[in-house]
Each structure stands twice: as C-alpha cells, then as structure tokens.
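Hi there,

Here is the structure I promised to hand over. Have a look at it first, and my notes follow underneath.

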Amino acid sequence: ADAVLGECVSLLKHVLYCSPSASAAAAEDDETMGEDAAALTADRDGRTETASATGHAAKAARMDAMAHGAMAAMHALWRHAVSDRHLCHELMGLAANLMAGNDDAKRMCVEDVDAGDGGKPISFAERMLRLAFRNTSPAATTRLALAPLAALAGQPDARRWLLRSQFLPKTMEHFAAAVGKRDAQRQVAAIRALADVAGGGGDDGRREVLRAGGGELVQL
C-alpha cells in the first residue's frame, strides 16, 4: 500500500512541477497583458507548447490541487511517510512544487491542523522542520525538507512563522556540524536554504539570516 501511495504522490509532484524559465515567462506575460488575458491568449492561439503556457498550466494545476484538499492530504500521508523514505522524499518534493509561486499553499503550510491521528494540531511546516533536523534523518531527507521550508520566506504570514521558528538557528547549527564533519552535501543544503531565505524574504529575511550567524559564512 505504501508503494502505491509513493507512486501517487510522485505523479502529483511531477504534475505540479514547473521549470523556473516557464514560471518566469508566465509571470512576464501576466505583467504585460494581465493574468487572465495572458492565459486566455495562450488558449485561443493554441500556444500550448510555449514556456508561458506551461507556466500557466502549472499554476492552474496547483490551484486545482489546493481546491481538492492537497494540504489536508499531505497531513494525512505524514504518518506513512515518516517510516517510508521513498514516500517521505516524494512528499517533500510535492510540498516544494505545490508551494512554488503559491501564496495560499505557503500560508496554509504554517497553520496548525488536526490530522486526526490522535496528536495535537500541528502545521505541516513544523512537521518538516522536525524531520529536517531529526538526528536519524539522512542528508537527502534534510535537503528535501529544507527546500520547501526556505520557500516560506516568500509569503508574509509564512515568513513571520519561519523567522520566529527554530529554522534559522537550527540551519546554522546544522551547517557548523557539517563543516566539522566535512559533509559537503549537508553544507550545500544549509547554505542554499539560508540563501533562499535571504533572497526571498526581503529585508526581514536578510536581517534575520545575518542575526542567526549568516555573516560567518562570509569568512568561507
């Protein structure tokens, strides 16, 4: 059953994926023509293979996934994912793709939810945070959990949660430990996460990264 779940999550992850170039092309068209006009023009002209059309299709898919309870489903899948590495990795990839350019998903990611598993309500972001820095998490799991967490910096409500959480201190601790162990994979994952927060979190993100010790990275 878990193998089937893993493949289903993998399929949805790939459906929601959008390359950075396609996302940028869609955003450029939206700015030039307006969001609705750009999407309608792509449909009318049959420009289904253009980067912009791909970007709009991915955005529509993410909105549809949200409307059909994607976040609630991710919470329900968590109890299976924590004991199945493949499912866990696919779920982290799904979270990253769902939240890409999707402020509603980022906002919902930091809201506490009762998953019906007998535990206290908890946000999906908190679940990922605990997973990322669990002592038994392999490097690949930590890397895949850090990416969607860092992406929260792009939405104001989610950014407030992220900057008030243990994300930055834990990431800096993780980086320092990785340096001591000469673990390049974990070092890169931590640096990328910090860079995403600094780059996507505006002045608040940059200030908090520096306050958490990010300035020490300059010494590298």
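Let me begin with one arginine: R206 is partly exposed, because its relative accessible area is 39%. For this and what follows, buried means under 20% relative accessible area, exposed over 50% and partly exposed in between, with a 1.4 Å probe and protein chains only. Please keep in mind that this is a predicted model, in which local features need pLDDT of at least 70, side-chain atom pairs count only at pLDDT 80 or more, and totals for chains, interfaces and linings use all residues. Residues are numbered from 1 along each chain as its sequence is written, and side-chain values use heavy atoms, with hydrogens and water left out.

R206 forms a salt bridge with D203, with 2.6 Å between the closest N and O atoms. A salt bridge here is a side-chain nitrogen of Lys or Arg within 4 Å of a carboxyl oxygen of Asp or Glu. Both residues sit in helix α13 (residues 202-211), three residues apart, or about one turn of the helix. Helices (H or I, at least four residues) and strands (E, at least two) are DSSP runs, numbered from the N terminus. D203 is exposed, at 55%.

Helix α13 holds another such pair: R211 and E208 meet in a salt bridge (3.1 Å, N to O), and they too are three residues apart. R211 is exposed at 59%, whereas E208 is buried at 19%. Elsewhere, salt bridges that share partners join D104, R107, D157 and R160 into one network. Within that network, R107 and D104 meet at 2.7 Å, N to O, and are three residues apart in helix α7. The structure holds nine salt bridges.

Now the chain as a whole. It has 13 helices and zero strands, and 44% of its 220 residues count as buried. Its accessible surface comes to about 11600 Å², of which 53% belongs to carbon and sulfur atoms; areas come from the Shrake-Rupley method with a 1.4 Å probe, and for residues only the protein chains shown count as cover.

Which residues of α8 are buried? They are F124, A125, R127, M128, L129, L131 and A132, so seven of the nine residues in this helix are buried. The cover includes α5, α6, α7, α9, α10 and α11. R127 itself has a relative accessible area of 9%. Leaving aside neighbours within four places in sequence, R127 is in contact (heavy atoms within 4.5 Å) with H75, W78, A115, D117 and I122.

Helix α2 (residues 20-33) has two sides to compare. Its buried residues are A22, A25, A26, D29 and D30. Seen down the axis, they fall within an arc of 135°, so they line one face of the helix; the arc is that of the directions from the helix axis to the C-beta atoms. The face turned away from them carries the exposed residues P20, S21, E28, E31 and T32.

One last spot is R182, in the loop between α11 and α12. Its phi is near 55°, a positive value in a residue other than glycine. Most residues other than glycine have a negative phi. R182 is exposed, with a relative accessible area of 76%.

Enjoy looking around!

Best wishes
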